[in-house]
Amino acid sequence: MEVIIADKSGYCFGIENAMKMVQDTIESGRQNIYTLGPISHNTQETRRLTNQGVVIIEDDDVDNLETGCIILRSHGVGKKTIEAIKKKGLPIINATCPFVRAVQKKVESYDVAGYQIVIVGNKNHPEVIGANGWCQNKALIINDINQLENIESYDRICIVAQTTIIESKFNEICDAIRSRVNEVVIFNTICSATAERQAAAAKTAKEVEYMIVIGGYHSSNTQKLADICKSHCAKTCHIETIRDLDLAEVRNYQKIGITAGASTPDWIVKEVLEGMEEQNKIAEENVVAEVATEE
Ligand code: F3S
């Protein structure tokens, strides 16, 4: 059995960095470690961290804290949230992805300069909620070209993108705004990590008989990876952990591909690889046993 692991599978730079900061904080012996929202969208990893004492809180909980340190996740938070934590005198460990921080800085500086901010993205996504918090929540959040009603009433607009938005959608919305507004400044803040992971997964799915996509069932980037892989390899399965993998089915294939979502930790991928290695051994032993019986 040959196993091919797709390039760029698993943690992106920003998540890896954030997870390392959480782990370093735990190992430093600090007490009362809080994260604002779940640091990872992976249930198993979240459980692993909470078992080590990390507590997930929401913005409103900050007021009730007297001690402890607060870790900001890779999606970032609004300016007011940071100010509220500082006011309480609590230490902040800022794991905001540098690419997300770049979006926040653009939003803040162009808002101060008098531009109407447009964020192309999903209004419910924590990264977008956080970025909007750097212009007093005054941004227009556009996720569809049909949401541009009255856009011509603004003189000057600055457009940024949610880092994980699809580029064609961003370009379409930018073009429509540019044709209707006097002055438009555009920053394509899309992060290439998502597109690169998807392209690598598609490449691997085309080469194999069976494709395994590892990641949370509720993780939208993992679901998207599974859809892409299915379109190139009909035998694609989406699993959260080794326990979801049909190991007897795996033994039927010679060439198997693996990819993992952006929030899937290495240890979960490793468990799957070890499980498959085990199956490989069983399959090889069965072949030897069959040959011996024939002889
Ligand atoms: Fe950062 Fe890009 Fe990941 S913005 S959190 S490296 S998807």
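The exercises below work through a predicted model step by step, from the whole chain to single loop residues.

Residues are numbered from 1 along each chain as its sequence is written. Because the model is predicted, local features need pLDDT of at least 70 and side-chain atom pairs count only at pLDDT 80 or more, while totals for chains, interfaces and linings use all residues.

**Exercise 1. The chain as a whole**

Describe the secondary structure, the extent and the domain division of the protein chain.

Solution. Start with the count of elements: the protein chain has 10 helices and 12 strands, where helices (H or I, at least four residues) and strands (E, at least two) are DSSP runs, numbered from the N terminus. Next, take the extent, which for the C-alpha trace is about 85 × 50 × 20 Å along the principal axes. Then divide the chain into domain 1 (2-9 + 193-288), domain 2 (13-97) and domain 3 (99-190), with bounds that come from an automatic or database domain assignment. The centres of domain 1 and domain 3, taken over C-alpha atoms, are separated by 36 Å. Finally, 39% of the 295 residues count as buried; a residue is buried if 20 or more other C-beta atoms lie within 10 Å of its own, exposed if 12 or fewer, and partly exposed in between, with C-beta atoms placed from the backbone.

**Exercise 2. The sheet with S3, S2, S4 and S5**

Work out which strands stand at the edges of the sheet with the order S3-S2-S4-S5, and place helix H1 against this part of the chain.

Solution. The four strands form an open sheet with parallel pairing, two strands being paired if DSSP finds at least two bridges between them. Strand S3 (55-57) and strand S5 (92-94) each have a single partner strand, so one side of each is left without a neighbour in the sheet and both stand at the edges. From one strand to the next, the twist averages 30°. For the pairing of strand S4 (residues 69-72) with S5, the model gives three bridges in the parallel sense, and Ile 71 has Ile 93 in S5 as its bridge partner. Helix H1 (residues 13-27) lies across strand S2 (33-36), S4 and S5, and runs at about 165° to S4; axes are lines fitted to C-alpha atoms, for helices over the stretch in contact, and angles run from 0 to 180 degrees between N-to-C directions. Two residues are in contact if their C-beta atoms, placed from the backbone, lie within 7 Å.

**Exercise 3. The sheet with S1, S12, S10 and S11**

Treat the sheet with the order S1-S12-S10-S11 in the corresponding steps.

Solution. This is an open sheet of four strands with parallel pairing. S1 and strand S11 (236-239) have a single partner strand each, so they stand at the edges with one side left without a neighbour in the sheet. Neighbouring strands are turned by 20° against each other on average, direction ignored. Five bridges pair strand S10 (residues 210-214) with strand S12 (residues 255-260) in the parallel sense, and in S12 the bridge partner of Ile 214 is Ala 260. H7 lies across S1, S10, S11 and S12, at about 165° to S12.

**Exercise 4. The shell around the ligand**

Determine which elements contribute to the shell around the ligand, and state its composition by class.

Solution. There are 14 residues around the ligand, of which Cys 12, Gly 14, Cys 97, Phe 99 and Cys 191 come nearest; a residue is near a molecule if its C-beta atom, placed from the backbone, lies within 6 Å of it. Two or more residues each come from H1, helix H4 (98-112) and helix H7 (192-207), and H1 has the largest share, with three residues. By class, the shell has nine nonpolar, five polar and no charged residues.

**Exercise 5. Loop residues**

Compare the exposure class and the surroundings of Asn 32 and Asp 60.

Solution. Asn 32 is placed in the loop between H1 and S2, and counts as partly exposed because 14 C-beta neighbours lie inside 10 Å. Apart from its neighbours within four places in sequence, Asn 32 is in contact with Thr 67 and Gly 68; the C-alpha atoms of Asn 32 and Gly 68 are separated by 4.5 Å. Asp 60, in the loop between S3 and S4, counts as exposed because it has 8 C-beta neighbours inside 10 Å.

Technical notes. Ala, Val, Leu, Ile, Met, Phe, Trp, Tyr, Cys and Pro count as nonpolar, Asp, Glu, Lys and Arg as charged, and the others, Gly among them, as polar.
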